[in-house]
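Here is an informal walk through one protein model and the ligand that comes with it. Take a look at the sequence and the fold, then read on.

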Amino acid sequence: MIETFKNEVAEGLNSTPKTLPSKYFYDKKGDALFVEIMNLPEYYLTRSELDIFKNKTQQLINAIDLKPNTYFELIELGAGDGLKTKKLLDLLDKQNFVFDYFPIDISANSLNLLEEDLASTYPNVSVKKKQGDYFEVLASLKNSNKPKVILFLGSNIGNMNDQLAKQFIHNLGKNLQHGDKLVLGVDLIKPKEIVLPAYNDNKGITAKFNLNLLNRINNELKGNFDLKQFKHQPEYNEKEGIAKSFIVSKKNQHVEIKALKKTYNFTKGEKIHTEISRKYNDSIIKNIISNTQLTIEHKIMDSKAYFADYILTRS
Ligand code: AVJ
């Protein structure tokens, strides 16, 4: 893990323009900051998808075409705190559906918390947590031959560029069988006035989240980034529908990273690209699933049409 981190940081900082991978936001501190982000008034994404799971739960069940008397596996990629999924579990439980819920996450800690929470709230729901890489777990589940419903929510796919997202969905499709479903939750393209504040909140939580990457490099790779000499900068191109986060150097400076045995120079105003948060519409989704056997069956949106859960079926 630390070796990969080291190599990817070196690769990113040796590139022009400089980059750092967003997946490294999520250490213990980053996890906590992300929970704060999800509760920010500006971060509409969480509330929008919750609106769907809370107020359109029956529509969702109908769209996924679940049958009360046919067993299925409900598999969630990156389960987190399960806030949205609990709304679905609640109704499935009340309507006596027969299923196992498989939350998959890289974080053993968050899976344990979710398991405890679900055991007390929904004692009847069978929860089989799986810790690890999405594709390893999916490959292991493939052997069961049982009908599957995969949940990939929260616009988590948006951190991938379209080419990577295509590959990801293609791999996912290969682990599914005829009739299996994928519920893909994505943030929709909308005006700058709504999107930008979600990545530039008033309290500066997103700034801390972004700059925490430098903290991690300081702690884990013996770097000496002075966080006060860098700032968070989000950008959003409404036409292409892509939000990007950068870390900008406030002055000419150099930073030593001992574990990389290297000193990096930053000029005043130089940007490190740290994240993309892609926004979607039907044609972008169609392009992303174009080399798979998945087709769009339904699209369910929140009341403001900010967010969509696409229900895809494997043919
Ligand atoms: C978890 C990838 C959906 O891109 O909106 C939140 C992460 N980054 N604020 C997103 C994030 C900055 C988030 N996703």
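## A strand residue to start with

The side chain of Gln-253 pairs up with the side chain of Ser-249 in a polar contact of 2.8 Å. Keep in mind that this is a predicted model. Gln-253 belongs to strand β10, which covers residues 253-257. Is Gln-253 buried or exposed? Its relative accessibility is 11%, and buried means under 20%, so Gln-253 counts as buried. Once neighbours within four places in sequence are set aside, Gln-253 is in contact with Gln-229, Phe-230, Tyr-264, Asn-265 and Phe-266. Two of the elements behind those names can be placed: strand β8 spans residues 230-237, and strand β11 spans residues 262-266.

## Just past the strand

Follow the chain out of β10 and you come to Lys-258, in the loop between β10 and β11. Here the relative accessible area is 52%, and the cut-off for exposed is over 50%, so Lys-258 counts as exposed. Leaving out residues up to four places away in sequence, Lys-258 touches Leu-221 and Lys-222. For a sense of distance across the model, try Pro-123: its C-alpha atom is 50 Å from that of Lys-258, with the two positions 135 residues apart along the chain.

Lys-222, one of the residues that Lys-258 touches, deserves a stop of its own. It sits in the loop between α10 (205-221) and β8 (230-237). Lys-222 is exposed, with a relative accessible area of 59%. Its phi is near 55°, a positive value in a residue other than glycine.

## Backbone oddities

Most residues other than glycine have a negative phi, and most peptide bonds are trans. That makes a few spots worth checking by eye. Besides Lys-222, there is Asn-145, where phi is positive too, near 60°. Asn-145 lies in the loop between α7 (134-142) and β6 (148-152), and it is exposed, with a relative accessible area of 54%.

Which peptide bond is cis? The one from Thr-16 to Pro-17, with omega near -10°. Pro-17 is in the loop between α1 (2-14) and β1 (18-19).

## Around the ligand

Now for the ligand. How many residues surround it? There are 13, and the closest are Tyr-43, Gly-154, Tyr-199, Glu-275 and Ser-277. Three side chains bring an N or O atom up to a polar atom of the ligand, as listed here.

| Side chain | Ligand atom | Distance |
|---|---|---|
| Tyr-199 | oxygen | 2.6 Å |
| Glu-275 | nitrogen | 2.9 Å |
| Ser-277 | oxygen | 2.6 Å |

On its own the ligand exposes 350 Å², and the protein buries 97% of that. As for the elements involved, α2 (28-38) and β12 (271-278) are the ones that give two or more residues to the shell around the ligand.

## A helix contact

Over in helix α5, which runs over residues 83-94, you'll find Leu-91. Neighbours within four places in sequence aside, Leu-91 is in contact with Thr-57, Gln-58 and Ile-61. Gln-58 is 33 residues away from Leu-91 along the chain, yet their C-alpha atoms are separated by 7.8 Å.

## The whole chain

Stepping back, the protein chain has 11 helices and 14 strands. Its radius of gyration is 20 Å, close to the 20 Å that the globule rule gives for 315 residues, so the chain is as compact as a globular protein of that length. Along the principal axes, the C-alpha atoms fill a box of roughly 65 × 40 × 35 Å.

Of the 315 residues, 50% count as buried. The accessible surface comes to about 15000 Å², and carbon and sulfur atoms account for 49% of it. What share of the contacts with a separation of 6 or more comes from residues 24 or more positions apart? That share is 73%. The pair of Leu-91 and Gln-58, at 33 residues apart, is the kind of pairing to look for.

Finally, the annotation. UniProt, in an unreviewed entry, places the feature "domain: Histidine-specific methyltransferase SAM-dependent" at residues 5-313. That span is 39% helix and 26% strand, and its end C-alpha atoms lie 36 Å apart.

Definitions and conventions:
Residues numbered from 1 in each chain as written. Predicted model: local features only at pLDDT ≥ 70, side-chain atom pairs only at ≥ 80, totals over all residues. Heavy atoms only, no water. Helix = DSSP H or I, 4+ residues; strand = E, 2+ residues; numbered from the N terminus. Buried < 20%, exposed > 50% of the residue type's maximum accessible area, 1.4 Å probe, protein only. Polar contact = N/O pair within 3.5 Å; in protein donor to acceptor, adjacent residues only side chain to side chain. Contact = heavy atoms within 4.5 Å. UniProt positions renumbered as here; feature names shortened; annotations may be inferred. Rg over C-alpha atoms; globule rule 2.2 N^0.38 Å. Areas by Shrake-Rupley, 256 points an atom, 1.4 Å probe, with all protein chains shown as cover. Near = heavy atom within 4 Å.
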